[in-house]
Amino acid sequence: MNVASFAPLAVVLPFLGAALAFALIRRPRAQRRVSLGTITITLGLEVWLLSSVWTTGPIAVHLGGWSPPFGIVMVADQFSSLLLVISSAVSLAVLAYATGQGAADGEEGGPVSVFHPTYLILMAGVSNAFLAGDLFNLYVGFEILLTASYVLMTLGGTGSRIRAGITYVVVSVVSSLLFLIAIAMIYGATGTVTLADLAVKLGELDSGTQDLLHVLLLVAFGIKAAVFPLSFWLPDSYPTAPAPVTAVFAGLLTKVGVYAIIRTETLLFPSDQFNNVLLVVALLTMIVGILGAVAQTDIKRMLSFTLVSHIGYMIFGVGLSSVLGLAATIFYVIHHITIQTSLFMVTGLIERRGGTSSIMRLGGLAKLSPILAVLYFIPAMNLAGIPPFSGFLGKLGLLQAGVADGSPLAYALVVGGVVASLLTLLVMARVWNRAFWRSTVDAEDPDPVLLATAPDASGEQSMRALRSSKHVDATSGRFSGDNEIPILPKMMVYSTMGLVLLGVAMTVFAGPLFELSQEAATSMLERSDYIEAVFGSGAGKP
């Protein structure tokens, strides 16, 4: 059985699931089952695809039977198949989290009922981008996921979400327009948009034309990946969305941009002409992002800035153009998708349990909810790069690649990476000290939801005040029984726990995972396997 024939199902299944979920829009329980079942089946298919690719090498399927470079081609290699699996695993956890939140809050209809079909369309767009074997299909994948993300970001229709959505839309449209212009110019210069064909034909153009096309693609993808100075939109956009939406955005959307940059630098323009530019951008992204995080008091905005900062680590590995650097980047992308998503999910639980995500108004959560403290502590230390977690191993691989490069700029990135990692630890420790470790009464202007269950004298007064005001907040959490204690729905907790454990598993199996990353990096830098998968045996050989 040719597994390549089933690769398009990674895109088709979410679309079919979205159609069925939309048809069940008045039956929320059935809608949730369809959504969870669709992603579970898709994940199983992608695991099968991954196992096949690791043993046979890249595989391609030509839709409609058109011979390359005509028609649409989908290609799954080690890198794309690995990203498919991890993105679906993370998406499944976030969907279970969102399902638990919706069931607990009684959201049985209205605008929120479009969440499930839109979420599945988002997953279809992500999968299409990872499998795209030509630039235009990559563009289509971007537009599918961006259109779905517009809807998800503005769910609820609050003023802050609409304002953030407008900024997000404008920036995304500019990025897409630049990408479309680049595609048109590339087609005009080469007569093709198939990636495997461009891998050969772009090298035949004069250097000036190559540089122009290269820069256009890097700018378009740089906006989507949120690299400095094109990252201004992210910290103001992501924190306003609902907790599950913010989590999946943080984990996946910027990584699709990083994926496109990696494809550009390894397949289309393998020369090292822009490596120094990428290294400078990586350094600025690391430092500016983490300095922004240090200045924040809201956990969601803080995590948004750390997200920007850690994109710099990924660009660092790309700019080195070595097997070790690219392998460390692949490992770090997989690690970061999991850890960053889990931290935003934990933040949603913090907001639900404490009434707010501001560290100035939180305290005592370690005593009030020990399980929540553990769920925060593990991924926080992982993100900060504390040994022996996968974050430390990924950063260590990048630093080793920088030292092996030996250039002054690479050494500057090594120093910058260490500084950014230490500041990340400072930021994570600051959240721990204020939100979890200190007493509730030491918090500045603590939220009534938090004080209601505080183990001190003020708790009784706050409980009475809360009961008399009948304080209920769908974002902060519902209350159980006559005690009016904010609860954490089990499905939200279990899905977050599952993703945290996945991050721990990456530490336990870091050796095999890094070996897979090295194989993927070697294959991408050699390019011949990818080209042969599209055009047939011998096509990729010089």
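Select Lys 395 to begin; in this predicted model the residue sits in helix H16, which covers residues 390–405. Lys 395 counts as buried because its relative accessibility is 5%, under the 20% cut-off. Show what surrounds it: leaving out residues up to four places away in sequence, Lys 395 touches His 310, Tyr 313, Tyr 332, Leu 383, Ala 384, Gly 385 and Ser 421. Pick Tyr 313 from that list. Its C-alpha atom and that of Lys 395 are 7.6 Å apart, although 82 residues separate the two along the chain.

Next, helix H13. Select residues 323–354, a helix of 32 residues. From first C-alpha to last, H13 reaches 45 Å, close to the 46 Å expected at 1.5 Å a residue. Colour by burial and H13 appears mostly covered, with 30 of its 32 residues buried. Step just past its end to Gly 355, which takes a positive phi of about 90°.

Now go to Ser 517, in helix H21 (residues 510–526). Is Ser 517 buried or exposed? Ser 517 has a relative accessible area of 0% and is therefore buried. Apart from neighbours within four places in sequence, Ser 517 is in contact with Ala 327, Ile 330 and Phe 331.

The salt bridges come next. The whole structure holds 4 of them, and three stops follow.

- Select Arg 263 and Asp 77, whose closest N and O atoms are 2.7 Å apart. Arg 263 belongs to helix H10 (residues 243–268) and Asp 77 to the loop between strand S2 (72–76) and helix H3 (78–105), so this salt bridge ties together parts 186 residues apart in sequence. Arg 263 is buried at 7% relative accessibility, and Asp 77 is buried at 2%.
- Select Glu 351 and Lys 300, with closest N and O atoms 3.6 Å apart. Glu 351 lies in helix H13 and Lys 300 in helix H12 (residues 299–320), so the pair joins parts that are 51 residues apart in sequence. Glu 351 counts as buried at 14% relative accessibility; Lys 300 also counts as buried, at 14%.
- Select Lys 201 and Asp 197, where the closest N and O atoms are 3.3 Å apart. Both residues are in helix H7 (residues 195–201), 4 residues apart, about one turn of the helix. Residues three or four places apart in an α-helix point the same way, because there are 3.6 residues a turn. Lys 201 is partly exposed at 28% relative accessibility, whereas Asp 197 is buried at 10%.

Turn to the nonpolar core. Which residues have the most contacts inside the largest nonpolar core? They are Leu 135 and Phe 179, in a core of 175 residues. Select Phe 179: beyond its neighbours within four places in sequence, Phe 179 is in contact with Leu 135, Leu 138, Tyr 139, Phe 142, Leu 217, Ala 220 and Phe 221.

For a view of the surface, select Ile 162, Ile 166, Val 170 and Val 174, which make a nonpolar patch of about 330 Å². Ile 162 lies in helix H6 (residues 159–190) and counts as partly exposed at 37% relative accessibility.

Finally, zoom out to the whole chain. The chain contains 22 helices and 4 strands. Of its 542 residues, 60% are buried. The chain exposes about 19,600 Å², of which carbon and sulfur atoms supply 66%. Among contacts between residues at least 6 apart in sequence, 79% join residues at least 24 apart.

Notes. Residues are numbered from 1 along each chain as its sequence is written. This is a predicted model: local features need pLDDT of at least 70, side-chain atom pairs count only at pLDDT 80 or more; totals for chains, interfaces and linings use all residues. Side-chain values use heavy atoms; hydrogens and water are left out. A nonpolar core is a set of buried Ala, Val, Leu, Ile, Met, Phe, Trp, Tyr and Cys residues joined through side-chain atoms within 4.5 Å. Buried means under 20% relative accessible area, exposed over 50%, partly exposed in between (1.4 Å probe, protein chains only). Contact means heavy atoms within 4.5 Å. Patches are made of residues with over 30% relative accessible area and no salt bridge: like charges are joined within 9 Å, nonpolar side chains (Val, Leu, Ile, Met, Phe, Trp, Tyr) within 5 Å. Accessible areas come from the Shrake-Rupley method with a 1.4 Å probe; for residues, only the protein chains shown count as cover. A salt bridge is a side-chain nitrogen of Lys or Arg within 4 Å of a carboxyl oxygen of Asp or Glu. Helices (H or I, at least four residues) and strands (E, at least two) are DSSP runs, numbered from the N terminus. The expected span of a helix is 1.5 Å times one less than its number of residues.
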